[in-house]
Amino acid sequence: MQDFLETDIKFLAGVGPKRAELLKNELNISTYRDLLYYFPYRYIDRTKFYRTAELDPDLPFVQVKGVIKGYMTEGHGQNKRLIADFADETGVIKLVWFKGIKWVPSTYPAGNEFIVFGKPGLFNGMINIIHPEIDPVSKIAERISSGLQAVYSTTEKLKSQYVTSKTISKLVGNLLKQIKFRIPETMPSYLVSRYKLMGLHETLHKIHFPANPDEIEKSRYRLKFEELFYIQLNLLRYKINRTRKTSGFVFSQVGETFNNFYYNNLPFSLTEAQKRVIKEIRRDLGSGKQMNRLLQGDVGSGKTLVALMVMLIAKDNGYQSCLMAPTEILASQHYETISSLVKGLNVKVSLLTGSSPARHRKKIDESLKNGSLDILIGTHALIEENVVFSNLGLVIIDEQHRFGVEQRAKLWQKSHNPPHVLVMTATPIPRTLAMTLYGDLDVSVIDELPPGRMPVKTMHFTDSERNKVYGFLRSQIAEGRQVFIVYPLIKESEKMDYKDLEDGWDNLSRVFPPPKYCISIVHGKMTPSEKETSMKLFKDGYAHILVSTTVIEVGVDVPNASVMVIESAERFGLAQLHQLRGRVGRGADQSYCILMTADKLPKEAAKRIDVMTRTNDGFEIAETDLQLRGPGDLEGTLQSGIPFDLKVANLGKDGQLIEYVRNIAEDILSKDPFLENDQNQILSSELKRLFSLKQSWSNIS
Ligand code: ADP
Ligand code: MG
């Protein structure tokens, strides 16, 4: 029976080799099972009839009963079309054909009554339906009893080969007719009954051919439940396996260096949130299990300090640490910050990036090997093969989303025992999403900013108000403040973006002319040392304005910069806008974020701008982001957590269900951690089927 579902789609009645090829290429449908799991995205109610007078072009597909009054043709050649007047007692609409001009009038003779189905449009002030579906009125009873008709998404290519939504529905119908057995369950029966799920066999019928909305809801619920449940079960299973199988280095003590730092070097007192998080991490480090922890904290919440203190614990226990950052600028900034924080203590810190000279590298290699180096900071140059630690005990990754899964995997192999891993991210992730993306990590949150920070004021201006904005910048600069101006950089239109940046810079140098003003520029096409020089001009306070593409997005700390201007803000995603805004508001002065946009905005963009001006709360912004566009784009994080496309569930909208099924999965695993009980056999075989190919990611993070 299982084998039957694996049958090549080309053998299905109505398919054949050519269509099979198409279905495979366009919709990824190559077997019977694939077709069965190709779900409709909406349904049309075939029980409802409209009157012609009720039609307007905003309506989706409609169904109307009336009489074809007569035909005529218009236009010539390619443009030739057949038009019919179609009338009921409330009015007349036009039916239009570009194809089938020869056979339509004889098939549907004028003067007769028909049911017409299609999408209303508007042309020359008249409502029309192009290429309607037509049935004789005698089919009314059948139509009404057929209830809801499934609509499947197709592609232009498929449509041009006459594979429409309706064709797909027919194929599914053919397939279901052939299935003479009960489709085997993919969930244990005790779960199906306990959680009142629709059985799989019924579900796969009803989702394609529902008789009423209730059946749609129940079958969708069953599918969502299952989809989310298996994701959680898989994540939790790995977590259990890892903690049972691997052991971690034990950092049992907080020693001399840590205490020295804490009592002598710490420039301010820790926030309560920082204290709590450090405690959580210490508990992990002392537990004998390998730590895998995600540290979430809004921009400016003080993650670097936490990272340093954890690395000092590693040193006190005789281990080396490394701290990886996504860009050279950020890596060298961490290096400077950390070096100055540990001044006077016996801690050896080095910086290693792609542009470190060979001589420097050699020194580092030596000190790594002989164990004299305590902390190595760098970019992904750190994970190159030839960087060899003598006893790496802790790896900290800053701004995690920039690091691919494979890159993290390499780190893992750097040491025969896996080092403790702390992943730090400033991208606020809603809880339910974190549960799915990082379901096998433990999560700590710094939910408090250091005291004395004034919330950033966010304002929205359009291009026509530019002069007002420049006036404001002048006054801020006159008060000794510095300004970031950021331009979008989107890969696909890189050229255009650089042009924007250059034009912007030209314009700015006119508005803020030298020698009174100094403008510094940083963008992706500069060499690291050029970037470094420009950044330094700004950091040291010589440049009043830093113009850049989004390279500064991550982590740059210039407390005197109090204004962030984001050009073409409508082109940025919410997460990015929030990150950029976090670059200001680090000093004691009132800071501002200015969102510049075109005068007219698309609806979604207007919503993003609105949220930004309304709140500074990263989590609220993340929630909104998730609702606006779904989780698919969240900084590419999704690929790391879910090995297949979600078909029914939506991580943004199904938060409650995610929590619900996670608890269920936890409960099952707590009683049967390796899924060995008879009643759980289905679970382990389904896990194998769903995840076997893509397992490798799970034991990395
Ligand atoms: P992020 O979490 O964005 O990486 P950083 O670690 O860069 O934040 O910290 C932002 C700023 O806050 C830095 O200038 C840092 O020195 C400062 N800071 C960190 N912790 C505290 C604290 N407990 N009290 C005051 N300032 C702090
Ligand atoms: Mg940071």
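Biologist: Let's start with the ligand. How many residues surround ligand 1, and which are the closest?

Modeller: Keep in mind that this is a predicted model. To read a binding site, list the neighbours, then pick out the polar pairs. Here 17 residues surround ligand 1, and Gln274, Gly300, Lys303, Thr304 and Arg453 are the closest.

Biologist: Which atoms pair up between Gln274 and ligand 1?

Modeller: An N or O atom in the Gln274 side chain sits 2.9 Å from a nitrogen atom of the ligand. Then look at the backbone. Gly300 brings a backbone N or O atom to 2.6 Å from a ligand oxygen atom, and a polar backbone atom of Gly302 is 3.1 Å from an oxygen atom of ligand 1. As for cover, ligand 1 taken alone exposes 570 Å², of which the protein buries 83%.

Biologist: Which element gives the largest share of the shell around ligand 1?

Modeller: That's helix α13, residues 303-316, with 3 residues. By residue type, the shell divides into 5 nonpolar, 7 polar and 5 charged residues.

Biologist: Let's zoom out. How many helices and strands does the protein chain have?

Modeller: There are 26 helices and 22 strands. Of the chain's 701 residues, 54% count as buried. For contacts, look at how far apart the partners are in sequence: among those with a separation of 6 or more, 75% are between residues 24 or more positions apart. The chain exposes about 32400 Å², with carbon and sulfur atoms supplying 51% of that.

Biologist: And how do I read a core? Which members of the largest nonpolar core touch the most other members?

Modeller: The general idea is that nonpolar side chains tend to be buried together in soluble globular proteins. In this model the largest nonpolar core has 42 residues, and Phe261, Ile281, Val306, Leu308 and Ile396 touch the most other members. Elements supplying at least two residues each include α11 (256-265), α12 (272-286) and β14 (392-398). Helix α13 gives the most, with 10 residues.

Biologist: Which residues does Val306 touch, beyond four places away in sequence?

Modeller: Its partners are Gln274, Val277, Ile278, Ile281, Leu295 and Ile446. You met Gln274 earlier, as one of the closest residues to ligand 1. Among the partners, Ile281 is also one of the core members with the most contacts to other members.

Biologist: Now a single strand residue. Is Ile485 buried or exposed?

Modeller: For one residue, take its element, its accessibility and then its partners. Ile485 lies in strand β18, residues 482-486. Ile485 counts as buried because its relative accessible area is 1%, and the cut-off for buried is under 20%. Leaving out residues up to four places away in sequence, Ile485 touches Leu473, Leu508, Ile545, Leu546, Val547, Ser548, Val565 and Glu567. Its C-alpha atom is 6.0 Å from that of Met564, 79 residues apart along the chain.

Biologist: Where does Ile664 sit, and which residues does Ile664 contact outside its sequence neighbourhood?

Modeller: Ile664 is in helix α25, and at 6% relative accessibility it counts as buried. Beyond four places in sequence, Ile664 contacts Leu191, Tyr195, Phe225 and Phe229. Look at Phe229 in particular: Ile664 and Phe229 are 435 residues apart along the chain, yet their C-alpha atoms are separated by 8.0 Å.

Biologist: What about Asp672: buried or exposed?

Modeller: Buried, with a relative accessible area of 3%. Asp672 is in the loop between α25 (655-671) and α26 (681-691), where it touches Asn677 and Asn680, not counting residues up to four places away in sequence.

Biologist: On to backbone geometry. Which peptide bond is cis, with omega near 0 degrees?

Modeller: Check omega along the backbone and you'll find it from Pro514 to Pro515. Pro515 is in the loop between α19 (494-511) and β19 (519-522).

Biologist: What is the phi of Asn28, and what is the phi of Lys196?

Modeller: Here you look at the sign of phi and at the residue type. Asn28 isn't a glycine but has a positive phi of about 65 degrees, and Lys196, also not a glycine, has a positive phi of about 50 degrees. Asn28 is in the loop between α2 (16-27) and α3 (32-36) and is exposed, with a relative accessible area of 62%. Lys196 lies in the loop between α8 (189-194) and α9 (200-206), and it counts as exposed at 73% relative accessibility.

Note on methods: Residues are numbered from 1 along each chain as its sequence is written. Chains are lettered from A and ligands numbered from 1 in the order in which they are written. This is a predicted model: local features need pLDDT of at least 70, side-chain atom pairs count only at pLDDT 80 or more; totals for chains, interfaces and linings use all residues. Side-chain values use heavy atoms; hydrogens and water are left out. A residue is near a molecule or strand if one of its heavy atoms lies within 4 Å of it. A polar contact is a pair of N or O atoms within 3.5 Å; within protein, one must be able to donate a hydrogen and the other to accept it, and residues adjacent in sequence count only if both atoms are side-chain atoms. Accessible areas come from the Shrake-Rupley method with a 1.4 Å probe; for residues, only the protein chains shown count as cover. Helices (H or I, at least four residues) and strands (E, at least two) are DSSP runs, numbered from the N terminus. Ala, Val, Leu, Ile, Met, Phe, Trp, Tyr, Cys and Pro count as nonpolar, Asp, Glu, Lys and Arg as charged, and the others, Gly among them, as polar. Buried means under 20% relative accessible area, exposed over 50%, partly exposed in between (1.4 Å probe, protein chains only). Contact means heavy atoms within 4.5 Å. A nonpolar core is a set of buried Ala, Val, Leu, Ile, Met, Phe, Trp, Tyr and Cys residues joined through side-chain atoms within 4.5 Å.
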